[in-house]
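Trainee: Before we look, let me set the topic. I want to ask about labels and what backs them.

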Amino acid sequence: AIMLSLRITPFGERKKQRLVVGRDITKIYHLNMIRRDFVANASHELRTPLTVIAGFLEPLIDAPITPDSHRRPLSLMFHQTERMRSIIEDLLTLSRLEMQDSPEAQAPVDVPDELHLILQEAQALSNGQHQFETRIEDDLLLVGHRPELRSAFSNLIFNAVRHTPPGSRIAIGWRHDVEGALFTVEDNGPGIAQEHLPRLTERFYRVDCARSRDSGGTGLGLAIVKHVLNRHDARLLVSSEVGKGSRFSCRFPSGRDMRIDRSDGGGKT
Ligand code: ADP
């Protein structure tokens, strides 16, 4: 079988005819598949050795037999091993998102509930250094895949914590409007220059390499968000101004959003 990419354009007098241009992309498709499989296999193979290394390193840091002068290097080694493990987990997540067609088992997801859980983790990550504000419509659910949605929302919220200085304000919103449902994370941090915005969802793309790497991210967060949203017919919208802050929104089409009645003593229907 060959894969064709088709472009259909009107042509001729009064543009009544159609010109169909087909391009054979079989080779590109196969190369892409090889790349995907390679990344998935390499990540999978690296997982076990790294788990073993981390498992041996961690107890050595505080062990009585460890000379004091070795504690800091050991702890740095452990920290870097953990970073590699996060990168590998994110690469595996991305591979899974690329390989499966669309999320299996789509069901109503209690987004407000998920957001409250993510918020607790974000507060722990922030260590009391950020001010959080929430405006969450408590009865608004979304049809989708729970773990995927959770990872998209948490990536955006954790980014706001990790890429803004202490004292910053982070506002999280979840609401319904005529177009469907809208999730937003807004911060008053350093912002991102316009020229970077189109490339933010590329793998390992970082605005300020050194600073972003120190922030503890893997460089894959927004790539994951983009894939998850595509699989939910949703779009990622980013607006940002240097010195003022950033706003990341996920727009879900109507039809996926649904309201429930929580009035009967908090019971869910
Ligand atoms: P990372 O793991 O580095 O956060 P992401 O893919 O999640 O990778 O984000 C890509 C880059 O976008 C980050 O490295 C950072 O430079 C920038 N970025 C993301 N969110 C924000 C934010 N809220 N404020 C400022 N910069 C951000």
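Mentor: Start with a term: a polar contact is a pair of N or O atoms within 3.5 Å. This is a predicted model, where local features need pLDDT of at least 70, side-chain atom pairs count only at pLDDT 80 or more, and totals for chains, interfaces and linings use all residues. Residues are numbered from 1 along each chain as its sequence is written, and side-chain values use heavy atoms, without hydrogens and water.

Trainee: What makes His163 a polar contact of the ligand?

Mentor: An N or O atom in the His163 side chain is 2.7 Å from an oxygen atom of the ligand. The cut-off is 3.5 Å, so the pair counts. Arg206 places a polar side-chain atom 3.2 Å from a ligand oxygen. Gly219 uses a polar backbone atom, 2.7 Å from a ligand oxygen.

Trainee: How much of the ligand does the protein bury?

Mentor: 97% of the 530 Å² that the ligand exposes taken alone. Such areas come from the Shrake-Rupley method with a 1.4 Å probe.

Trainee: Why are H1 and H2 called roughly antiparallel?

Mentor: Helix H1 (residues 26-62) and helix H2 (residues 68-99) pack at about 155 degrees, axes 8 Å apart. Angles over 145 degrees count as roughly antiparallel, so H1 is roughly antiparallel to H2.

Trainee: Why are H2 and H6 called roughly parallel?

Mentor: H2 and helix H6 (residues 221-230) pack at about 20 degrees, with axes 10 Å apart. Roughly parallel means under 35 degrees, so H2 and H6 earn that label.

How values were computed:
Axes fitted to C-alpha atoms, helices over the stretch in contact; angles between N-to-C directions. Helix = DSSP H or I, 4+ residues; strand = E, 2+ residues; numbered from the N terminus. Parallel < 35°, antiparallel > 145°, perpendicular 65-115°, else oblique. Polar contact = N/O pair within 3.5 Å; in protein donor to acceptor, adjacent residues only side chain to side chain.
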